[in-house]
Amino acid sequence: MSKPRILVTRKIFPEVIARLSQHFDVEANQDDVLWSDAELIERLRDKDGALTTGTQAINAALLAACAKLRIVSNMTVGYNNFDVAAMTAAGVLGTNTPDVLTETTADFGFALLMATARRVTESEHYLRAGKWTRWSYDMFAGAEVHGSTLGILGMGRIGQGIAKRGAHGFGMKVIYHNRSRLTPELEAECKASYVSRDELLAEADHLVLVLPYTPESHHAIGSAEIARMKPTATLINIARGGIVDDAALAEALMDRRIAGAGLDVFEGEPKVQPGLLQVPNVVLTPHIASATVKTRLKMAHLAADNLIAYLEGREPITPVNP
Ligand code: DGY
């Protein structure tokens, strides 16, 4: 019997490709070419499954053209590239890679918070430019992290990881807002208090965004929300571009309406809103929150596990539309 055929849409670890090849007839994009939607469809037409990296839109048009397709396995926890309703209607399973990246991503969220609050990159640029001639009492004086108020919008696994780091590691007061409130046990574990969105915006010294990107969360943070924040506050986005109105944020940073921002994700990435590149009080990183070697390998293996299980007739491990 011939093996199921799968497409791996971007370059990933060779050992994971080797593992997949024991089960499937694999077409792998190890040259990491950025295919257009039409090129992706062309390659996917005769495939039973795909392993994607979250940047390829799996929508009704693609599904209509790829009638053989049974599963799309994202090597990401976020799956806003999936049109879940269209996939379900077409009988195509979607899977993602939750849990394996939680702690690593929470680590990075905290790194970005610290770098932003303490102006790490801004001061490094100053030093590298040869501008450092003397010590000065207010040179790159930033915002306090320990003992300050940490606000978290979106309190899933990663949000909880950030809350624990803040509360237990840095003695921060943690407040959060989420679609649903955590159980009392989880709130106690995270030392986090539930507040309204308005309270969150008004009270956070450092506001971290960890919510999924959906039509409802598009531009959840724009100029009106920024106006409600403290002028000394920082905003950290490790969730998805599009949740923040980047143009409004760039203007607010320019006018010092908030003290700073740390952004790992951007609306329309890898393009970055030009205004953000002009302002000094923002730390910018290229969507690397889950990027440690160990974690990315775990994500790739979990994405492979889902394909192998499902195409061999077993239950997928982490389905998003079971
Ligand atoms: C995820 O897994 O969703 C991360 O953002 C990496 O894309």
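The paragraphs below walk through a predicted model, from its overall make-up to its sheets, helices, ligand surroundings and a few unusual backbone sites.

Because the model is predicted, local features are reported at pLDDT of at least 70 and side-chain atom pairs count only at pLDDT 80 or more, while totals for chains, interfaces and linings use all residues. Residues are numbered from 1 along each chain as its sequence is written.

The UniProt record, an unreviewed entry, carries the annotation "domain: D-isomer specific 2-hydroxyacid dehydrogenase catalytic" over residues 6-321. UniProt positions are given here in the numbering of this text, feature names are shortened, and such annotations may be inferred rather than shown by experiment. Over residues 6-321, the chain is 38% helix and 15% strand, and the C-alpha atoms at the two ends lie 20 Å apart. Helices (H or I, at least four residues) and strands (E, at least two) are DSSP runs, numbered from the N terminus.

A good place to start is the open sheet of five strands, which pair in parallel in the order β2-β1-β3-β4-β5. Two strands are taken to pair if DSSP finds at least two bridges between them. At the edges sit β2 (25-28) and β5 (93-95), each of which pairs on one side only. From one strand to the next, the twist averages 15°; axes are lines fitted to C-alpha atoms, for helices over the stretch in contact, and angles run from 0 to 180 degrees between N-to-C directions. Within this sheet, strand β1 (residues 5-8) is joined to strand β3 (residues 49-52) by three bridges, the two running parallel. Here Val 8 stands opposite Leu 51 of β3. Helix α13 (residues 293-311) lies across β1, β3, β4 (71-74) and β5, and runs at about 160° to β4.

The segment after α13 contains Thr 318. This residue counts as buried because it has 20 C-beta neighbours inside 10 Å; the cut-offs are 20 or more other C-beta atoms within 10 Å for buried, 12 or fewer for exposed, and partly exposed in between, with C-beta atoms placed from the backbone. Leaving aside residues up to four places away in sequence, Thr 318 touches Thr 95, Asn 96, Thr 97, Pro 98, Leu 302 and Asn 306. Contact means that the C-beta atoms of two residues, placed from the backbone, lie within 7 Å. Thr 318 and Pro 98 are 220 residues apart in sequence, yet 7.4 Å apart in space from C-alpha to C-alpha.

Further parallel pairings involve strand β6 (residues 149-153), which is largely enclosed by the rest of the structure because four of its five residues are buried. Five bridges pair β6 with strand β7 (residues 173-177) in the parallel sense, and Gly 151 has Ile 175 of β7 as its bridge partner. Strand β6 is also joined to β9 by four bridges, again running parallel, with Leu 153 partnered by Leu 209 of β9. In strand β9 (residues 206-209), His 206 and Val 208 point one way and Leu 207 and Leu 209 the other, and all are buried. Such a pattern is familiar: in a regular strand the side chains alternate between the two faces of the sheet. Four bridges then link β9 to strand β10 (residues 234-237) in parallel, where Thr 234 is the bridge partner of His 206.

Helix α11 (residues 246-254) has Asp 246, Ala 248, Leu 249, Ala 250, Ala 252 and Leu 253 buried. Their cover includes α10 (223-228), β11 (260-263), α12 (274-278) and β12 (282-284).

Around the ligand are Gly 54, Thr 76, Val 77, Gly 78, Leu 101 and Ser 290, a residue being near a molecule or strand if its C-beta atom, placed from the backbone, lies within 6 Å of it. By class, this shell has two nonpolar, four polar and no charged residues. Ala, Val, Leu, Ile, Met, Phe, Trp, Tyr, Cys and Pro count as nonpolar, Asp, Glu, Lys and Arg as charged, and the others, Gly among them, as polar.

Finally, some backbone sites deserve a look. Most residues other than glycine have a negative phi, and most peptide bonds are trans. Arg 119, in the loop between α5 (102-117) and α6 (120-128), has a positive phi of about 55°, and counts as buried because it has 22 C-beta neighbours inside 10 Å. Just after α11, Arg 256 takes a positive phi of about 55°. His 287, in the loop between β12 and α13, has a positive phi near 50°; it is partly exposed, with 18 other C-beta atoms within 10 Å. The peptide bond from Glu 269 to Pro 270 is cis, with omega near 15°, and Pro 270 is found in the loop between β11 and α12.
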